[in-house]
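Dear colleague,

I am handing over the structure we spoke about, and below it you will find my notes on what turned up in it. Please read them with the coordinates open beside you.

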Amino acid sequence: MGRMFEALKIVAFATFAAITYGILHDQITAHLCVEYFTIAHPPVFPTSSPFLLAIGWGIIATWWVGLSLGLGLAFAAQFGRAPTIPLRTLRRPIILLMLVCGGVALVAGLSGAALVGSDVVGVLGMWGAVIPESKHVAFSAAAYAHLASYVSGAIAGVFLMLRTAWLRTRLAKTNV
């Protein structure tokens, strides 16, 4: 029962952390370019308020990412014969993962804005024809930031799961 409860705490914390990250990330990108959410996303929310769109899309786009991260980490940290790793040990790495994703998103967003603003590349996909030209740079910043968040989050999440499993095997060897 103790392992299952600890696993549930890991899943809940990772899910909450991802949703919090998503809402904060989307507050920035929605205020930067609301068209990223009103034109480039399906009309799930009947509003054009950047604040409300950021909350809604921040939850929709990240709860499942956090749940996946939490399930993977809970499995890596709690199941099997090796000594377990509690949530208190994983809190800091999960928060660090979110901060790293935020940093990568910032660099990617600034890079996307610079590339499109200097006409080195065009707006991603077919969005150049749909997004008002005056919003191309801001839209690109938001799009690059979102893409970078997902990619860096996936890579960092897998890394954290593997690191957790590796740490458990090290603990098992030292406890023999």
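Leaving aside its neighbours within four places in sequence, which residues is His-25 in contact with? Before the reply, please keep in mind that this is a predicted model, and that every value below was computed from it. With sequence neighbours within four places left aside, the contacts of His-25 are Ala-105, Ala-145, His-146 and Ser-149. His-25 itself is found in helix H1, and with a relative accessible area of 10% it is buried, because anything under 20% counts as such.

The largest pocket

His-25 also leads to the largest pocket, since it belongs, with Tyr-21, Ile-28, Gly-102 and Ala-105, to the lining residues closest to the centre of that pocket. About 430 Å³ of space lies in the largest pocket, and 22 residues line it. Three helices, namely H1 (2-32), H5 (87-117) and H7 (136-174), each supply at least two residues of this lining, and the largest share, 10 residues, comes from H1. By class, the lining of the largest pocket is made of 17 nonpolar and five polar residues, with no charged residue among them.

The second largest pocket

For the second largest pocket the volume is about 300 Å³. Its lining counts 21 residues, of which Thr-62, Val-65, Ser-149, Tyr-150 and Gly-153 are the closest to its centre; Ser-149 is also one of the contacts of His-25 listed above. Here H1, helix H4 (63-78), H5 and H7 each supply at least two residues of the lining, and H7 gives the most, with eight residues. The residues of this lining divide into 12 nonpolar, eight polar and one charged.

Gly-153, named just above, lies in helix H7 and is buried, with a relative accessible area of 18%. Not counting residues up to four places away in sequence, Gly-153 touches Cys-101 and Ala-148. If you would like a distance to check in your own viewer, Gly-153 and Trp-64 are 89 residues apart in sequence and 12 Å apart in space, C-alpha to C-alpha.

The nonpolar cores

Which members of the largest nonpolar core touch the most other members? Of the 23 residues in that core, they are Ile-10, Leu-69, Leu-73, Leu-90, Ile-94, Leu-97 and Met-98. H1, H4, H5 and H7 each supply at least two residues of this core, and its largest share, eight residues, comes from H1. Taking Ile-94 as an example, and leaving aside its neighbours within four places in sequence, one finds it in contact with Phe-13, Ala-14, Ala-17, Leu-73 and Leu-160.

There is also a second, separate core of 16 residues, which includes Val-34, Leu-53, Trp-57 and Phe-139. Leu-53 and Trp-57 appear again among the buried residues of helix H3 (residues 50-60), which are Leu-53, Ala-54, Gly-56, Trp-57 and Gly-58. What covers these buried residues of H3 includes H1 and H2.

The salt bridges

Side chains of opposite charge can pair when their charged atoms come close. Counted with a cut-off of 4 Å between nitrogen and carboxyl oxygen, the model has two salt bridges.

In one of them the side chains of Glu-6 and Lys-9 meet, at 3.1 Å from N to O. Glu-6 and Lys-9 are separated by about one helical turn, because they are three residues apart in helix H1. Glu-6 is buried, with a relative accessible area of 14%, whereas Lys-9 is partly exposed, with a relative accessible area of 31%.

In the other, the side chains of Lys-135 and Glu-35 meet, at 3.9 Å from N to O. This pair links distant parts of the chain, 100 residues apart, with Lys-135 in the loop between helix H6 (127-130) and H7 and Glu-35 in helix H2 (residues 35-38). Lys-135 is partly exposed, with a relative accessible area of 25%, while Glu-35 is buried, with a relative accessible area of 14%.

With best regards

Definitions and conventions:
Residues are numbered from 1 along each chain as its sequence is written. This is a predicted model: local features need pLDDT of at least 70, side-chain atom pairs count only at pLDDT 80 or more; totals for chains, interfaces and linings use all residues. Side-chain values use heavy atoms; hydrogens and water are left out. On a 1 Å grid over the protein atoms alone, a cavity is a set of points where a 1.4 Å probe fits but cannot get out, and a pocket is an open set with protein on both sides within 12 Å along at least five of seven lines; lining residues have an atom within 4 Å of a point. Grid points are joined across faces, edges and corners, and a volume is the space filled by probe spheres set on the points. Helices (H or I, at least four residues) and strands (E, at least two) are DSSP runs, numbered from the N terminus. Ala, Val, Leu, Ile, Met, Phe, Trp, Tyr, Cys and Pro count as nonpolar, Asp, Glu, Lys and Arg as charged, and the others, Gly among them, as polar. Buried means under 20% relative accessible area, exposed over 50%, partly exposed in between (1.4 Å probe, protein chains only). Contact means heavy atoms within 4.5 Å. A nonpolar core is a set of buried Ala, Val, Leu, Ile, Met, Phe, Trp, Tyr and Cys residues joined through side-chain atoms within 4.5 Å.
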